[in-house]
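Reader: I am new to reading protein structures. May I put some questions to you about this one?

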Amino acid sequence: MQLRTTLGNSKPCTSEWQQLKGENLRAMNRREFISLTNLALASYAMPTGTCEAAQASNRRGIEFAFFTDTHIQPELNAPSGCAMAFEKIRSLRPAFAVQGGDHVYDAIGATHGNAAKLFDLYARTEQALAVKTHHVMGNHDVFGLSAANLESDPEYGKKMYQDRFGSIYYSFDFAGYHFIVLDSIQLTPDFSYEARIDTAQLGWLKKDLVALPKEMPTLVFTHVPLVTGALSYGPYRADKVGKTSIVNAYEVLPLFESRNVLGVFQGHTHINEVVRFRRIPYISCGAVCGNWWHGSRWGTPEGFTMISLNGDECNWRYHTYGFRSVDPQDS
């Protein structure tokens, strides 16, 4: 395995959005896709050169898992639900996995001891994957976020997460592809958060992208979406503004346009959704926990996403895993 981690090109992706119910695969209607532009999915000629040829020679087709919003907790059979999802992922033999954030439910207002127990529960349960897993920070992973009395705790904020999972933004290479993990959660003085890519991270992202060969196939992962229509699907809520999508996405999206970004995979909303903007698909993926372990969320049941890469072609499909809520409240 080739792996490069650092702290912290625009070809259309051939997409295939499929949803599994039990063992039956159902192709979603193309009209369910959201399209912000009327772009043709035509192939563009790419310049060839020694660097690009060398990268291509090291590239091979791979499949990996993206699962998000596990929201593990002792209640509602969440541990057994996560274990079921992880066993299903393992049976598909992914090359690696990416957890898209909100590992636990939740560290926001928990005591230090209870928050640590939740993270320990997640870590034990994740062992069932038996595959290298990369992690994205979610808002519910921030210890003491809503509790002013916990500010003096040495693991307050993102520190508890970092002690367990490492860097909050980083990149790595695998099989000739480049992967970028962003931190979309920025703490605010009122003991809440804003979905934003902060200045230091934005500078790091620019450098990371510039250092790549221009045609290096790249995928991006973020918890809070860079692009989503989720605020349009329910009644207006002022408290969700600044928390449902990244507020400075306009500073991030242009960085992708001169690079070979095949797709941006997102969590947080617990729904399946695709928004295509300037040829790049922004894919929000359903949650392992569905509607917070209460059934389906806006028609998306509990599940995870498998992503297949073959050269500059990116395909994904959504899998359910058979969980049945003890307290169904489908939304």
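Reader: How many nonpolar, polar and charged residues are in the lining of the largest pocket?

Author: This is a predicted model, and the largest pocket found in it has a volume of about 580 Å³. Its lining is made up of 24 residues. Sorted by class, these are 8 nonpolar, 9 polar and 7 charged residues.

Reader: Which residues lie nearest the centre of the largest pocket?

Author: The lining of the largest pocket comprises 24 residues. Five of them are named as lying nearest the centre: Arg 237, Lys 240, Thr 244, Trp 292 and Arg 297.

Reader: How many disulfides does a search of the whole structure find?

Author: A disulfide requires two cysteine sulfur atoms within 2.5 Å. For Cys 82, the nearest cysteine sulfur belongs to Cys 289 and is 8.0 Å away. Cys 289 likewise has the sulfur of Cys 82 as its nearest, at 8.0 Å, and is in no disulfide. The search of the whole structure gives a total of 0 disulfides.

Reader: Is Cys 289 buried or exposed?

Author: A residue counts as buried when its relative accessible area is under 20%. The relative accessible area of Cys 289 is 0%, so Cys 289 is buried.

Reader: Where is the place of Cys 289 in the chain?

Author: Strand S15 covers residues 280-284, and strand S16 covers residues 303-310. Cys 289 falls in the loop between strand S15 and strand S16.

Reader: Which residues is Cys 289 in contact with, leaving aside its neighbours within four places in sequence?

Author: Residues distant in sequence can lie at a short listed distance in space: Cys 289 and Ala 85 are 204 residues apart in sequence and 9.5 Å apart in space, C-alpha to C-alpha. Contact is a separate test, which asks for heavy atoms within 4.5 Å. The contacts of Cys 289 are Asp 69, Thr 70, His 71, His 270, His 294, Gly 295 and Glu 302.

Reader: Is Glu 194 buried, partly exposed or exposed?

Author: Glu 194 belongs to strand S11, residues 192-195. Partly exposed denotes the range between under 20% and over 50% relative accessible area. With a value of 27%, Glu 194 is therefore partly exposed.

Reader: What percentage of the residues of the protein chain count as buried?

Author: The protein chain has 6 helices and 17 strands. Its accessible surface comes to about 14,100 Å², of which 51% belongs to carbon and sulfur atoms. Of its 331 residues, the portion that counts as buried is 56%.

Definitions and conventions. Residues are numbered from 1 along each chain as its sequence is written. This is a predicted model: local features need pLDDT of at least 70, side-chain atom pairs count only at pLDDT 80 or more; totals for chains, interfaces and linings use all residues. Side-chain values use heavy atoms; hydrogens and water are left out. Buried means under 20% relative accessible area, exposed over 50%, partly exposed in between (1.4 Å probe, protein chains only). On a 1 Å grid over the protein atoms alone, a cavity is a set of points where a 1.4 Å probe fits but cannot get out, and a pocket is an open set with protein on both sides within 12 Å along at least five of seven lines; lining residues have an atom within 4 Å of a point. Grid points are joined across faces, edges and corners, and a volume is the space filled by probe spheres set on the points. Ala, Val, Leu, Ile, Met, Phe, Trp, Tyr, Cys and Pro count as nonpolar, Asp, Glu, Lys and Arg as charged, and the others, Gly among them, as polar. Helices (H or I, at least four residues) and strands (E, at least two) are DSSP runs, numbered from the N terminus. Accessible areas come from the Shrake-Rupley method with a 1.4 Å probe; for residues, only the protein chains shown count as cover.
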